[in-house]
Structure formats: C-alpha cells, structure tokens
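Reader: Please take one part of this model and look at it closely, following the charged side chains that sit on neighbouring elements and then what lies around them. I would rather have one connected account than a list.

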Amino acid sequence: MALGKGGLAALVVLVTASVSAAAEPASGRGGPTERALAKDAELSLSVPDESDAAGRVQALATAAGARLVRGTLQELVLEVPDARYRGLISELRRVGTVRYERVTTRDLGAALEEAAAAIRAGAEARARLERSRALARGVSDELELERALGAEAASSADAARRYAELERRAGVTRVTVRLVAPEPERIDGPRLPFRWLGEVDALRLSDTTTPHDSPRSQASAFIDGQVQLRAEASTGGGALGDGAGAFGLGIGLRSLGAASPVGLYGGFDLALGGGTGFLYRLQPLLGVGAGLGRYVTVGLGAGPGLDGLTGRIPFGVSFPIELSLGLDFIRAVGVTAWARDGWVLASSRREHGAPHAAFGDEASAGLDVLFGERRGPDASVNRAGFRVGLGIREVMGAPMAELSVGVGARQVDF
C-alpha cells in the first residue's frame, strides 16, 4: 500500500505522539523506583590568606579523590564520592577552620526512571520511523522521514545526557567551599573601679559648654504638698507654763524647680487653730535645692514669717533657716526630714528661747511619712496618700511636741 505526502506526515505525527505518551512515567506499571541519592554540602572555611588557600584547597581535593567543577579565589565547587566526603573535610581542616557546614540530600530515583523511559521511547520511535521507509514515495516523503528521525535522535541524545548526568550525581556529594577571612580577635577593655572613669576622654575634658548626661537618672524637680490636722502641746517648764497647747488646720508646700544641678527651692506653711489661745502661723521660704541621685532631694530655704499663740506665745516676726531632706528609697513609703533654727524679731520674750539651738532664738525638727504607692513613668513619679508628721519645737525655754495627720502628695521629675 502506497501513502501520499499527507498520509506519511500523518503517520509521523502519530508515531511522535505515541512516543511522547510512552515517555511519561508509568506509575504503578513498572518496578519500584530505584533509590539514588545526591548530596549537596555547603562549607565555610576561615583562612588567613584567601588566594593561597584556594590553591591549597584544590590540591588537597584532587589528592582526596574530588573533582573541581568550578572555582574562584573566594568559592570552589567540588564533587567527591560520598564515601570520601569525610576524608575531604579532614584534609580541608589543614587549610583553615571550618566555621559552618551543612549537608542536604535529594532523591534522584524518579528523575532517573523518567530519563530512562524517554531513552526507551526514543529508540522505539526511531525503529517505527525506519520501518515506515518502505511506505515513502518520492523525495518529499524521504525528507519528511529524515526530519522526524533527526528530531527524534536529538531528543534521545538529550535524554541520554540527562540520564548520564543523573547517574553520575547519584552517590556523589557536591561541595561548595567558601573561603572567608578569620574573625578579628576581640579584646575587652579594662574594668575600671568606677563607671564614670570610662566616660572620661580628651573631648569631654576639653568641652566646657556641652552638658554631658549621666547614664543614671537624677531627680531634678519636685513638688510636695500636704493638708493636715495639727496639734501642739507644751511638755511643761519655761515661760509657757503648764498646759499650753492648740489644735488646728495646717497646709504646707515645698517645691524644687529645674535643678541642674542646683535649682530654686521654696514653699510655705500656714496654720490656724485654737486651744489655750488663738493659733496663727504664716511662714514663706525661699532658697536653693538639688537632687542627690534618684531617690534623695535636699532643700535649703529661709524667709520672714509671723506666728503666735495668744495668751501664751506673743506675736513675733520669725526668720528661720530650714534644711529639708526627702528620701524615696521605699516604693510604698516616702519620708521627709526637716530641721529649723532661726531668730525671732519684735518680741523680746521669745529671744534666746531654745537652749539647744545652734545659733538662733527658736529651733524645731521633725519627720513626715507619706504612705502611698510610687507610680509613674521613668521620667516622672508621683505618690499620694495618708501622711503623718512628728516634731519637737523649743520656744520660750520650753519644748513643745507637734503631731500632724492628714493627706499629702509628692511628684518628682528626673
């Protein structure tokens, strides 16, 4: 039976299509896929001299049975049989220090089976095309057959090369060696006995205009206020006589503004009440203060005021000097200690009325405790709650005990 040009072309297309279908992996129709493993390794080698190390690595790899695939001064790609991989690594350790090593494994069995199926299908296709030569008529049919045979031969050659490459990679480890410079030796600085010594340098010593902040926060401002019920009573003796005392309301305020390191300090005390006489007191204060670290504040102030207890303590113009110390070490409790010593004008009966005073006519000292949780961010903390105060005062040669209870609040900025 003779075929025309159209019939032969149709036969060639049919043969090629059948070959393509045969080249697809036939899952479940053949034997189990052969397990063929290919390994890839990455190695980071620390060397003192990269150019010299590249030549040494290549020479040692050749001696260990490895093959150089490609290489530069910083990176070499080697292939070595799996059984010789550990021996190659041992040889490379003679060149430098292994800083990183990772090995991954791939299964090539399915890819090998696919390449082998393509080779078999190509051989069957060529055989069918050769058998169809008997049906060719004329030059055009012969040319059509030759083109089909050439295309099939090229496809089979590609499949054979792929199979050979996969077969060669099975059982071989491809090693990528990266040559890196060694890490510089780290030398820790000396441990100085004081932290601030490490911050002193020529630049800081020569710069007298720029303020250098301390690494630790320091109290720079505060405001401290209270409203209390106050009681004063004489313990006997002196010009006051027995039973002198009073009970009343007291208001007090102290503040420090922008201390860097010293700031303006001031405040006032106001008290009104009654008892053995009418109690009145107004005492403003003005001076300087500072923060000593984070938890200690100090203030020093003075100023003219007036006070008295009618019938017992005559009116006088007082001029005390007050030293106040705020302590905030405990989270739930704040403490303020204070001491006063000063002069009294416009009342000769109150002069030299404090036997224990260092220099003035009257003296007093006391301690206030503020109960309240310390709250707030790092830049500012506040405390508010119940406040109790105890004090002792020497006036007109007699001691007087002071007790105050009430509420108070304190805020400190850093």
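Author: Let me start from Glu75, which, with a relative accessibility of 29%, counts as partly exposed, because that value falls between the 20% below which a residue is called buried and the 50% above which it is called exposed. The model is a predicted one, and the values that follow should be read in that light. The side chain of Glu75 meets that of Arg178 in a salt bridge, with 3.2 Å from N to O. Since Glu75 belongs to strand β3 and Arg178 to strand β5, this pair ties together parts of the chain that lie 103 residues apart in sequence. Arg178 is likewise partly exposed, at 35% relative accessibility.

The two strands that carry this pair are also joined to each other: β3, residues 75-81, and β5, residues 172-180, pair in the antiparallel sense over seven bridges. Within this region Val80 stands opposite Thr173 of β5. In general, the strands of a sheet pair through backbone hydrogen bonds, in either a parallel or an antiparallel manner. Here β3 and β5 are part of an open sheet of five strands, in the order β2-β3-β5-β1-β4, with mixed pairing. Its edges are formed by β2 (67-71) and β4 (97-107), each of which pairs on one side only, and from one strand to the next the twist averages 20°.

A second salt bridge reaches β3 from the edge strand β2, where the side chains of Arg67 and Glu79 meet at 2.8 Å, N to O. This pair links distant parts of the chain, Arg67 lying in β2 and Glu79 in β3, 12 residues apart. The two partners differ in their surroundings: Arg67 is partly exposed, with a relative accessible area of 42%, whereas Glu79, at 4%, counts as buried because its value is under the 20% limit.

The sheet also receives a helix. In α3, residues 85-92, the buried residues include Tyr85, Leu88, Ile89 and Leu92. Viewed down the axis of α3, the buried residues fall within an arc of 100°, and therefore line one face of the helix. As a general point, an α-helix has 3.6 residues a turn, so residues three or four places apart point the same way. The buried residues of α3 pack against β3, β4 and β5, and also against β1 (37-46) and α2 (50-63); strand β3, with its two acidic residues Glu75 and Glu79, is thus one of the partners of this helix.

Elsewhere in the chain, Asp328 forms a salt bridge with Arg383, the closest N and O atoms being 2.2 Å apart. Asp328 lies in strand β12 (residues 313-330) and Arg383 in strand β15 (residues 380-395), so that the pair ties together parts 55 residues apart in sequence; both Asp328 and Arg383 are buried. In addition, a network of salt bridges links Glu232, Arg281, Asp307, Arg350, Glu362 and Arg393.

To set the region in its context, the structure holds 26 salt bridges, and the protein chain comes to six helices and 16 strands. Of its 414 residues, 37% count as buried. Among contacts between residues at least 6 apart in sequence, 64% join residues at least 24 apart.

Definitions and conventions:
Residues are numbered from 1 along each chain as its sequence is written. This is a predicted model: local features need pLDDT of at least 70, side-chain atom pairs count only at pLDDT 80 or more; totals for chains, interfaces and linings use all residues. Side-chain values use heavy atoms; hydrogens and water are left out. Helices (H or I, at least four residues) and strands (E, at least two) are DSSP runs, numbered from the N terminus. Buried means under 20% relative accessible area, exposed over 50%, partly exposed in between (1.4 Å probe, protein chains only). Contact means heavy atoms within 4.5 Å. Two strands pair if DSSP finds at least two bridges between them. Axes are lines fitted to C-alpha atoms, for helices over the stretch in contact, and angles run from 0 to 180 degrees between N-to-C directions. The arc is that of the directions from the helix axis to the C-beta atoms. A salt bridge is a side-chain nitrogen of Lys or Arg within 4 Å of a carboxyl oxygen of Asp or Glu.
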